[in-house]
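Work through the exercises below with the sequence and the model side by side, and try each task before reading its solution.

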Amino acid sequence: MSERAGERFQQLVGIMRTLRSEHGCAWDRQQTLKTLRPFVLQETYELLDALDRDDHDALKGELGDFLFEAVFLAQICEEEGRFSIADSIQAIADKLIRRHPHIFDPDGKAALTPTEVKQQWEEIKARERKDAAETEQTVLSGVPRSMPSLLRAYELSTRAAQVGFDWVKTDDVIDKAEEEIRELREAVADGGGKSAEAEEEFGDLLFALVNVARKLGIEPEAALRVANDKFQRRFDDVERQVAASGKRFRDLTLDQLEQHWQIAKVRRTGHGGTETGS
């Protein structure tokens, strides 16, 4: 299987070079590192969607699309004389060996717990950032500002926690979230609605909730995707109920819509169970 994978990877690289060649595809030849950014993001989310749906057929295709974007970006960089896809593969191989000394170092300890492995990984990564002599050496250096804000908040708080800047107990950070809710209420009351202060307090609340998720071992982006899907399923159910009644949304009171919502909540899911939660 590994030999087949290598051959097919070489085929993909060859196809990409053909598409970018003088006699290749006009659209592919026109692309740059900057123009490919939205496609990289799109493929990432489509891959995540396949994972969330546990759709292995879709996952197979999405992994191919994801790999293609990596090959595409590397091909452009190779044309500019920067590096090749082979260099990228070597870089990740070297990194994996370097950051798994408990496996690849003869003197390493193989019997590490998952928590110890993660801690070791972050310690090695921190040393690498220091050795790289970055312009600004801080604990939070290297967290991209271009990350989705929810994911960036999770990464920032995780890195801060790794050096001891963290709440001791989960209840402590839940208390902090409740404090932020009170401050948001006060900001809304003082400002009569939307205001710069309310916006800031709302951001503080979101950041506190990300920390609650981290303390509970929950990845917030994944949790929010699940909540979004659940809301859409239930709202679609409500919409079908309203349509079946021969009425429109505007014909119903909020209490009547709530009744439809409660019906949607207790309907069985496609996995043989019932949905729970708000």
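## Exercise 1: The second largest pocket

Helices α3 (37–52), α4 and α11 (220–244) each supply at least two residues of the lining of the second largest pocket. Keep in mind throughout that this is a predicted model.

**Task.** Find which helix gives the most to the lining of the second largest pocket, and describe the residues of that lining.

**Solution.** Begin with the space itself, which amounts to about 460 Å³ in the second largest pocket. Of the 15 residues that line this pocket, Arg37, Val40, Leu41, Thr44 and Pro148 are the closest to its centre. Next, turn to the helices: α3 gives the most to this lining, with six residues. Finally, sort the lining of the second largest pocket by class, which yields nine nonpolar, two polar and four charged residues.

## Exercise 2: The largest pocket

**Task.** State the volume of the largest pocket, and find which helix gives the most to its lining.

**Solution.** The volume of the largest pocket is about 560 Å³, and among the 21 residues that line it, the closest to its centre are Gln119, Glu122, Thr158, Ala161 and Gln162. At least two lining residues come from each of α7 (114–131), α8 (149–162) and α10 (196–215), and α7 gives the most, with eight residues. The lining of the largest pocket, taken by class, consists of five nonpolar, seven polar and nine charged residues.

## Exercise 3: A lysine in α7

**Task.** Decide whether Lys125 counts as buried or exposed, and list its contacts beyond its neighbours within four places in sequence.

**Solution.** First locate Lys125, which lies in helix α7. Its relative accessibility is 15%, and because buried means under 20%, Lys125 counts as buried. Leaving aside neighbours within four places in sequence, Lys125 is in contact with Arg99, Glu155 and Arg159.

## Exercise 4: Where α8 meets α11

**Task.** Describe how α8 and α11 pack, and then place Leu224 within that contact.

**Solution.** The two helices, α8 and α11, pack at an angle of about 145 degrees, with their axes 9 Å apart. On the side of α8 the contact is made by Leu150, Leu151 and Tyr154, and on the side of α11 by Pro220, Glu221 and Leu224. By class, the contact of α8 with α11 has five nonpolar residues, no polar ones and one charged residue. Leu224, which lies in helix α11, counts as partly exposed at 43% relative accessibility. The C-alpha atoms of Leu224 and Leu150 are separated by 9.6 Å, although these residues are 74 residues apart along the chain.

## Exercise 5: The largest nonpolar core

**Task.** Name the residues of the largest nonpolar core, and find which helices each supply at least two of them.

**Solution.** This core has 10 residues in all: Phe9, Leu12, Val13, Met16, Leu36, Val71, Phe72, Ala74, Ile76 and Ile85. Helices α1 (2–20) and α4 (56–79) each supply at least two residues of this core. As one example of how its members meet, Val13 touches Val71 and Ile85, not counting residues up to four places away in sequence. Apart from this core lies another, of six residues, including Val242, Leu252, Leu257 and Trp261.

## Exercise 6: A positive phi

**Task.** Find where Asp54 lies, and state the sign of its phi.

**Solution.** Asp54 is found in the loop between α3 and α4. Its phi is near 55 degrees, a positive value in a residue other than glycine. Most residues other than glycine have a negative phi. Asp54 is also exposed, with a relative accessible area of 55%.

Note on methods
Residues numbered from 1 in each chain as written. Predicted model: local features only at pLDDT ≥ 70, side-chain atom pairs only at ≥ 80, totals over all residues. Heavy atoms only, no water. Core = buried A, V, L, I, M, F, W, Y, C linked by side-chain atoms within 4.5 Å. Buried < 20%, exposed > 50% of the residue type's maximum accessible area, 1.4 Å probe, protein only. Helix = DSSP H or I, 4+ residues; strand = E, 2+ residues; numbered from the N terminus. Contact = heavy atoms within 4.5 Å. 1 Å grid on protein atoms, 1.4 Å probe; cavity = no way out; pocket = protein on both sides within 12 Å on 5 of 7 lines; lining within 4 Å. Points joined across faces, edges and corners; volume = space filled by probe spheres on them. Nonpolar A, V, L, I, M, F, W, Y, C, P; charged D, E, K, R; others polar. Axes fitted to C-alpha atoms, helices over the stretch in contact; angles between N-to-C directions.
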